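Work through the exercises below with the structure open, and try each task before reading its solution.

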Amino acid sequence: MKKSRIFLFAAIVLAGATSSALADASAQAAAFPIERTQGGTVTSNGQSPAEEEKENAFDNLLKTKWLTFQSSGWLQYAFPNQSSYVITSYSITSANDFPERDPKDWTLKGSNNGTDWTVLDSRQNESFDWRFQTKTYSFSNQTAYAYYRLELSNHSGSILQLSEVKLYDARQWPEPAKAQIAASGENLPHEGKDKLNDGSSLTKWLTFQKSGWVTYRFDRPIALDGYALTSANDYPERDPAEWTLQASNDGKQWVTLDTRKGEQFRYRYQRTSYGVRSDAQYSYYKLNMKANGGNELQLAEIEFIPKDSPFQSILPSIEIRNLDANGNGKLFDQALPDAQEQIKLIILKLNEILYGHPNRMDVGPKKVVIFIKDEDGVAWAGGTPVEGQVTISSRHLKNVSNSGTPLRHEILGVLYHELTHLYQLDDDRYGQIGYMIEGMADAIRFKVGYHDRLAVRKGGTWKDGYGVTGNFFVWIDEHKRPGFLRELNQSLSEFDGVEWNESVFQQLTGSDVLSLWNEYQQSLPNP
């Protein structure tokens, strides 16, 4: 285990809220206004100590804060590129300590020249019931402003502080593009083409042909960051082993975007993602596939990853520092030459699972650094709320390489686990509920198929953490309550004023955790 500067999650072992908040987390089809504080310019009056500057008020990180040494002050936000937006709601989050420093009275103003201001909303005698509480306020506005200013005063004393301010557009994030699916064949009624887009790896599409195609026709043109294929439940010889991804705007003239040969899925339910290096938008996407062997072809899921996904707004800068470049560290570069691309796709997917939409996110580093070091262990995560760090042992990479295990597969699984630590909620109580935090990180790894679900056997307790707890969580998500992983993560928020306890299982599923565990155990084979 390694110590980090601010927070620490345990290394991978070598082997391998309130009810209203929970209800909100389960709302799959909720409408989300667009949050506009991205890349703008922040100004303020007064003085702030180092690391508590004005920019912290708009960094989308609740664990940072703005503080000024006076009882009143103002914060001003100017959108980038002289843009202007119709803001109709905003939120303020209290900081980590000293409630007397919280804003009590404030006025929100808008301007298009930074000099002449229009009052949009005023509040008096506001209070925050707990640290990191977020309160949202709506008002009527039909004018797009380039500048917004909050003028605030505190409850008492000579210091004013807050954690975060967010400004929400009158418009909402657009619905994801919808697709009509066509296929060269299907096995109806239970293994049809619609199963490719139902969000479940437990269902599948199957055609009684060694080669086949699937075409998605979207209701609007989209550009892709990548795509992902998930293997089905049985018979690896039915997996696609080679394919071509094509795109079109009329369904007749096709452009080839990606070609793969010799692909293999190591586990059942494994999700493998691939980058697409094209900015062009298309309405049609087509996969022409050939099976690994035999005379049948199958897949559990096909996902297309659009460049206009709301989660693009949370992507950090990514840096890889191979500090063992002359030794075993080269194994990382050889196994993952597209590391930057894969890390981005992993971050997009794990946050989709954990949050469903970026408007639900209160954590997430602005920068992620991956270290490859010549040290013992497997991997660990740490850093600060602003810069997340993942360290992978090059000695472990050498051991995996010598074992014959596909090294790329192992690295991707490690990255899913450790990057989850940088984004998941943990109730700020790793020492007490570490089994939950490690279990959730391994649940993500199981969910995307980088642990072998079919190898899990009866035994242990639900609090054993890592894979034992992780596969249990995935079982609940897939057999008892779709979206459970997201809801469980939300229940672990350190910003909701509630200390997590296991009654959450009863609230979410209607069954206590021990009953769920016993039922889950009965679904597993004996050791």
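**Exercise 1. The largest cavity**

Which residues line the largest cavity? Once they are listed, assign the lining to strands and to residue classes.

Solution. The model is a predicted one, and the steps below should be read with that in mind. Begin with the list itself: the largest cavity is lined by Phe-58, Leu-75, Tyr-77, Leu-108, Tyr-148, Arg-149, Leu-150, Val-165 and Leu-167, and the space within this cavity comes to about 30 Å³. Next, turn to the strands, where at least two lining residues each are supplied by β5 (72–78), β10 (147–154) and β12 (164–172). Of these contributions, that of β10 is the largest share, with 3 residues. Finally, sort the lining by class, which gives 8 nonpolar residues, no polar ones and 1 charged residue.

**Exercise 2. The sheet of 5 strands**

Determine the strand order of the open sheet of 5 strands, and then explain what sets its edge strands apart.

Solution. Reading across the sheet, the order is β3-β5-β10-β7-β8, and the pairing is antiparallel. The edges are taken by β3 (41–44) and β8 (118–123), each of which has a single partner strand, so one side of each is left without a neighbour in the sheet. Neighbouring strands of this sheet are turned against each other by 20° on average, with direction ignored. To examine one pairing in detail, take β7 (103–111) and β8, which run antiparallel to each other over 5 bridges; within β8, Val-119 is the residue opposite Lys-109.

**Exercise 3. The sheet of 3 strands and a helix packed on it**

Establish the order of the open sheet of 3 strands, follow one strand pair through its bridges, and describe how α3 packs on this sheet.

Solution. The strands follow the order β19-β16-β22 with antiparallel pairing. The edge strands are β19 (271–275) and β22 (301–306), since each pairs on one side only, and from one strand to the next the twist averages 20°. The pair formed by β16 (224–230) and β22 is antiparallel and extends over 6 bridges; Gly-226 has Ile-305 of β22 as its bridge partner, while Ala-228 has Glu-303 of β22 as its own. Helix α3 (339–355) packs on the sheet and touches β16, β19 and β22, with its direction at about 125° to that of β19. As a last step, consider burial: 5 of the 6 residues of β22 are buried, so this strand is largely enclosed by the rest of the structure.

**Exercise 4. The surroundings of two residues**

Decide whether Tyr-282 is buried or exposed, and then do the same for Asp-250.

Solution. Locate Tyr-282 in strand β20 (282–291). Its relative accessibility is 13%, and because buried means under 20%, Tyr-282 counts as buried. Leaving aside residues up to four places away in sequence, Tyr-282 touches Arg-220, Pro-221, Ile-222, Ala-247, Ser-248, Asn-249, Val-255 and Leu-257. Among these contacts, consider Pro-221, which is 61 residues from Tyr-282 along the chain, although the C-alpha atoms of the two are separated by 4.6 Å.

Asp-250, by contrast, is located in the loop between β17 (240–248) and β18 (255–260). Its relative accessibility is 39%, which lies between the 20% and 50% cut-offs, so Asp-250 counts as partly exposed. For a distance across the model, note that Asp-250 and Ser-94 are 156 residues apart in sequence and 52 Å apart in space, C-alpha to C-alpha.

Terms used. Residues numbered from 1 in each chain as written. Predicted model: local features only at pLDDT ≥ 70, side-chain atom pairs only at ≥ 80, totals over all residues. Heavy atoms only, no water. 1 Å grid on protein atoms, 1.4 Å probe; cavity = no way out; pocket = protein on both sides within 12 Å on 5 of 7 lines; lining within 4 Å. Points joined across faces, edges and corners; volume = space filled by probe spheres on them. Helix = DSSP H or I, 4+ residues; strand = E, 2+ residues; numbered from the N terminus. Nonpolar A, V, L, I, M, F, W, Y, C, P; charged D, E, K, R; others polar. Pairing = 2+ DSSP bridges. Axes fitted to C-alpha atoms, helices over the stretch in contact; angles between N-to-C directions. Contact = heavy atoms within 4.5 Å. Buried < 20%, exposed > 50% of the residue type's maximum accessible area, 1.4 Å probe, protein only.
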